[in-house]
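Please open the model in your viewer, show the protein as a cartoon and the ligand as sticks, and follow the selections below in order.

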Amino acid sequence: MAEIQIPENVVQFIRQLIPDLGPLFAEIEGECKRDYIPLIDPEVGQLLRVLIELKQARRILELGTGIGYSTLWMALNPRNEVKKLHITTVEIDPHRYERACHYFERAGVTAVVTPLLGDAKAIIPQLGGSFDFIFMDAAKGQYPAFFQKLWGLLEAGGVLVIDNVLMNGWVADLYWPERRKKTMVVRLRQLLEMLKTHKELITVTLPMGDGVTVCVKERKRTDKD
Ligand SMILES: C[S@@+](CC[C@H](N)C(=O)[O-])C[C@H]1O[C@@H](n2cnc3c(N)ncnc32)[C@H](O)[C@@H]1O
């Protein structure tokens with residue numbers, strides 16, 4: 001099921017247009033369902049693949065590994081073999097981190113994936129180099145703080161993708177069903193407003209899955225442009 005209200009027949013139709021992923025993906029989906037572990041929707045996985053291909057991304061950063069499902073969507077992009085892409089992925093939960101490492105071994109992607117265990121807030125400042133593609137899928141209430149820390153790591157022309165920005169549609173209505181969700185809804189709304197007016201970003205929010213925002217960081221102009 002998609003989290004925001006998209007007719008179920010449309011969601012299922014779109015999903016069956018995605019090429020078959022094979023048994024490992026089905027196994028991870030089964031574990032996530034059994035243990036209530038969140039994971040991206042398949043159409044979001046396919047969107048990541050398309051954007052990575054469009055951008056010809058090489059250095060990817062992911063916040064929120066979960067048990068590795070979204071990382072594998074990116075790492076096992078059928079066109080990656082020739083691309084030599086590398087993914088750094090950060091997860092705060094030790095059990096999920098272990099499970100992700102297990103799946104990275106089984107998928108044969110340990111050479112292209114560097115999993116890091118810890119709080120993204122502490123890890124981001126320690127990361128060296130820059131990234132041309134960042135996927136943010138961790139604690140929703142911390143997205144504005146993550147964004148501030150990530151900004152300097154995203155290279156000019158780089159792509160930032162953010163998942164769950166609509167939170168069941170609550171962000172559009174500024175509605176929260178219970179008090180403890182309020183911070184997340186309010187901060188996601190603030191983040192989207194901030195992205196809208198950001199002078200160095202061009203941004204679109206897609207009503208897909210639980211809401212996905214895609215931003216592109218402006219390229220620096222040279223005298224030749
Ligand atoms: C929605 S799940 C990620 C799902 C994953 N991207 C996938 O689709 O397979 C969000 C993950 O972010 C992790 N997380 C939450 N806060 C974090 C933080 N501050 N630093 C790193 N990871 C965090 C959670 O433990 C959780 O596993």
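## Starting at the ligand

Select Tyr 69 together with the ligand: in this predicted model, a backbone N or O atom of Tyr 69 lies 3.5 Å from one of the ligand's oxygen atoms. Move next to Ser 70, where a polar atom of the side chain is placed 2.7 Å from a nitrogen atom of the ligand. Then select Glu 91, whose side chain has an N or O atom 2.5 Å from an oxygen atom of the ligand. With these contacts still on display, switch on a surface for the protein, which covers 91% of the 610 Å² of accessible area that the ligand has on its own.

## The shell and the pocket

Now widen the selection to the 21 residues around the ligand, of which Ile 40, Gly 64, Ser 70, Glu 91 and Asp 137 come nearest. Colouring this shell by residue class should show ten nonpolar, five polar and six charged residues. To place the shell in the fold, highlight helix α4 (69–75) and strand β2 (86–91), each of which supplies at least two of the shell residues. If you display pockets, look for the largest pocket, since this is the space taken by the ligand.

## Stepping back to the whole protein

Finally, zoom out and colour by secondary structure, which comes to nine helices and seven strands. The radius of gyration of the protein is 17 Å, close to the 17 Å that the globule rule gives for 225 residues, so the protein is as compact as a globular protein of that length. Turn the view along the principal axes, and the C-alpha trace spans about 50 × 45 × 35 Å.

Definitions and conventions
Residues numbered from 1 in each chain as written. Predicted model: local features only at pLDDT ≥ 70, side-chain atom pairs only at ≥ 80, totals over all residues. Heavy atoms only, no water. Near = heavy atom within 4 Å. Polar contact = N/O pair within 3.5 Å; in protein donor to acceptor, adjacent residues only side chain to side chain. Areas by Shrake-Rupley, 256 points an atom, 1.4 Å probe, with all protein chains shown as cover. 1 Å grid on protein atoms, 1.4 Å probe; cavity = no way out; pocket = protein on both sides within 12 Å on 5 of 7 lines; lining within 4 Å. Sits in = over half its atoms within 2 Å of the grid points. Helix = DSSP H or I, 4+ residues; strand = E, 2+ residues; numbered from the N terminus. Nonpolar A, V, L, I, M, F, W, Y, C, P; charged D, E, K, R; others polar. Rg over C-alpha atoms; globule rule 2.2 N^0.38 Å.
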